[in-house]
Amino acid sequence: MSSNAPPSAGLNPAQLAAVHHLDGPCLVIAGAGSGKTKVITTKIWQLLHSGYRASQIAAITFTNKAAQEMRERAQHLVGKKAAKDLAISTFHSLGVRLLREEGTRLGLKEQFSILDSDDVLNVLKDAGGTTDAKQAQRWQWTISLWKNNGVGPLQAAQIAADDDERAAAAVMVRYQERLAAYQAVDFDDLITLPLKLLTTDAEARAKWQNKLRYVLVDEYQDTNAVQYELLKALVGERGMFTAVGDDDQSIYGWRGATIENLKRLPQDYPALKVIPLEQNYRSTGAILRAANNVIAGNPKLFEKKLWSEYGDGEPVVLLEADGEEHEAERAVARIQQLRADGKGPAFKDFAILYRANHQARVFEQALRRAQIPYKVSGGQSFFDKAEIKDLCAWLRLLVNQDDDPAFLRAVTTPKRGIGHTTLGALGTFSAQWKCSMFEALFSESLATAVTARALAQLHEFGRTVNELQYKARHTEGHTAAHAMLTEWLKDIGYEAHLIDNEENEKVAQARWGNVLDFVDWIAKRCGGQHSEEGGVSFTEPKQSVLDVAQTISVILSLAERGEEQDQVTLTTLHASKGLEWPHVVLAGVNEGLLPFKRDEEEMTAEALQEERRLMYVGITRARTTLAVSTLRRRKKGRDTVVGIPSRFLAEMKLNEGGTREDPREKLKRMRAELAAKAAARDEPQP
Ligand code: ATP
Ligand code: MG
């Protein structure tokens, strides 16, 4: 494509038909990677060249991140100026815009506030007269589901099916009263209130239908009932919209999204032009075949055939692991191995996908150990948790006493009566004498800058750090390290600190649990333990706590790099929707994890189908290589249980088409894994 060719130049005929269909409603329904999102971005360009002004076009995406990405793509196509005026947003942020501009019509003041989930829980507890967080949570779910299906408090009371729901309906009345009194809205209101406005206020409706003359919706399969109504109200009778979606990727049923919206569209808009796309431009044949095999297990709403021109490519690889840590090590070894081959992909070409957020941690730890930069997308990184940062500050200080930020964090966490005034004076003093704050601590002339009491406390802190450093240098091996670290936490009173600073006891406990995990992790790194992995037994060489702290400090500086860096992505399957990477590892493909199942519940057929769609989403994120990993043993609470491979693995039919691991490849892989292990034990190279 030459640089001044229109962006539609590379599109196939079906995509072009969708882009050029401008005078009526249009639905593109097609499988993963078939260029649906590409149709939307190209169509924005087309609309601008057909006389629409940028401010008249709204494109609705599923997440803020997707909106951001689409804005960038649009900028590329139509230029910065036009892109600025386009309304590219999620349903929710479009709702915020409508409410900011029109809220007064609904009796909202201009500066209304938007409650987040925690705020909502507090209001619910208050409205329901309870302190029981679990109860409030259940109300939140029920009320949210009602709201998302257009059910208000009055109707809720009528349809409530049992005592629980009747109670929830009663709470909902008081909840709504409180929101009104506080001039506040919750997330669901961001859709339901604009909808109410557009359906009840003809003037507002005319104004917005005139303002936004063309609407594009990506990931249409995951809209819920009220979002669909809002779309209808926005586009009105004229129905100038393009929706793109894939019924096989509907993964938000649990949040009220409904495939009914796909079925209703042709009924509500008889003029709807439905366009299928069949060519996949993302993945190799082997990956696509596995995806098609899995989704074949679900009933079909729309018949779809996906094919790719890219040839069969690398077979899908199955990684079997003896436990979570081993799984993470194998994933890391795979990244290193693929990068070692030939030209080698960048880190940002890799993603590790998993079903549940908590699975991320072991991968984070393994990546850090191998000094591979990564980002946790759509969730908090283990190492970004306040309690882990606190402890890392202490460790950094042990390694380098001149690390002033670490000093400041450690000296105030837990609190030891050293206040801002003292620290301010210490800072000024150290700046004057061009020394670190820790050095300043023992300077004789510091007595002139701080009170005698403060000086004593500072000295006490300095001694604590020195002693700790001595111990850390002379403690090695798993058991000794564990004991030393536990004693340290007790000495500085860290558990009490967490409890004092956290209102919610459960949260405090969870934080303390993270601390204990972290301690275990460090202790393990101190080695000396005999372990067996994949039939090979070995003893990790011993290291001192200080050595391990040093490795951690180096790794930490890796993490402090910005967003645009070359990083491996860690993300949940849900958050991976719409995205793609050359190399994907799909982790924890086990019964119970994927399909996810709570112990006490029987799994419904619908739930299983949604999990299967999730698996399909995961597989289809991969462009060039895909590895699926499964656990032979896995942790469940405190226990280790036998891991049962997910039924989805069999459904992928990996053995058909020669996807067994080649023995030579296997040797190569094992060598890479051993090398990775050895490298991780080495001192980091600064
Ligand atoms: P998903 O269902 O996962 O959201 P999608 O249908 O939205 O997928 P896109 O993300 O639009 O698919 O496209 C997948 C990949 O194929 C992208 O890298 C895109 O740039 C590329 N692509 C799309 N259409 C074409 C085309 N006609 N020629 C070449 N590449 C294309
Ligand atoms: Mg897409």
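Here two people talk through a predicted model, from the whole chain down to one helix pair and a ligand.

Colleague: Let's start big. What does the secondary structure of the chain come to?

Modeller: You count the helices and the strands, and here that gives 28 helices and 20 strands. Next, set the radius of gyration against the globule rule: the chain has 29 Å, close to the 26 Å expected for 686 residues, so it is as compact as a globular protein of that length. If you want a box in your head, the C-alpha atoms fill roughly 85 × 70 × 60 Å along the principal axes.

Colleague: Okay, now a helix pair. How do the axes of helix 1 and helix 2 cross?

Modeller: Look at distance and angle together. Helix 1 is residues 13-20, and its axis comes within 9 Å of the axis of helix 2, crossing at roughly 45°. Angles under 35 degrees would count as roughly parallel and 65 to 115 as roughly perpendicular, so helix 1 is oblique to helix 2. The crossing is right-handed.

Colleague: Which residues in helix 1 and helix 2 meet?

Modeller: From helix 1, take Q15, A18, V19 and H20; they meet K38, V39, T42, K43 and Q46 in helix 2. Sorted by class, that contact has 3 nonpolar, 4 polar and 2 charged residues.

Colleague: And ligand 1: how many residues surround it, and which are the closest?

Modeller: For a ligand, read the shell around it. Ligand 1 has 18 residues around it, with G35, K36, T37, K38 and Y281 the closest. Helix 2, residues 36-48, gives the most to that shell, with 3 residues. By class, the shell divides into 3 nonpolar, 10 polar and 5 charged residues.

Technical notes. Residues numbered from 1 in each chain as written. Chains lettered and ligands numbered in written order. Predicted model: local features only at pLDDT ≥ 70, side-chain atom pairs only at ≥ 80, totals over all residues. Near = placed C-beta within 6 Å. Helix = DSSP H or I, 4+ residues; strand = E, 2+ residues; numbered from the N terminus. Nonpolar A, V, L, I, M, F, W, Y, C, P; charged D, E, K, R; others polar. Axes fitted to C-alpha atoms, helices over the stretch in contact; angles between N-to-C directions. Parallel < 35°, antiparallel > 145°, perpendicular 65-115°, else oblique. Left-handed = near helix turned anticlockwise from the far one by under 90°. Contact = placed C-beta atoms within 7 Å. Rg over C-alpha atoms; globule rule 2.2 N^0.38 Å.
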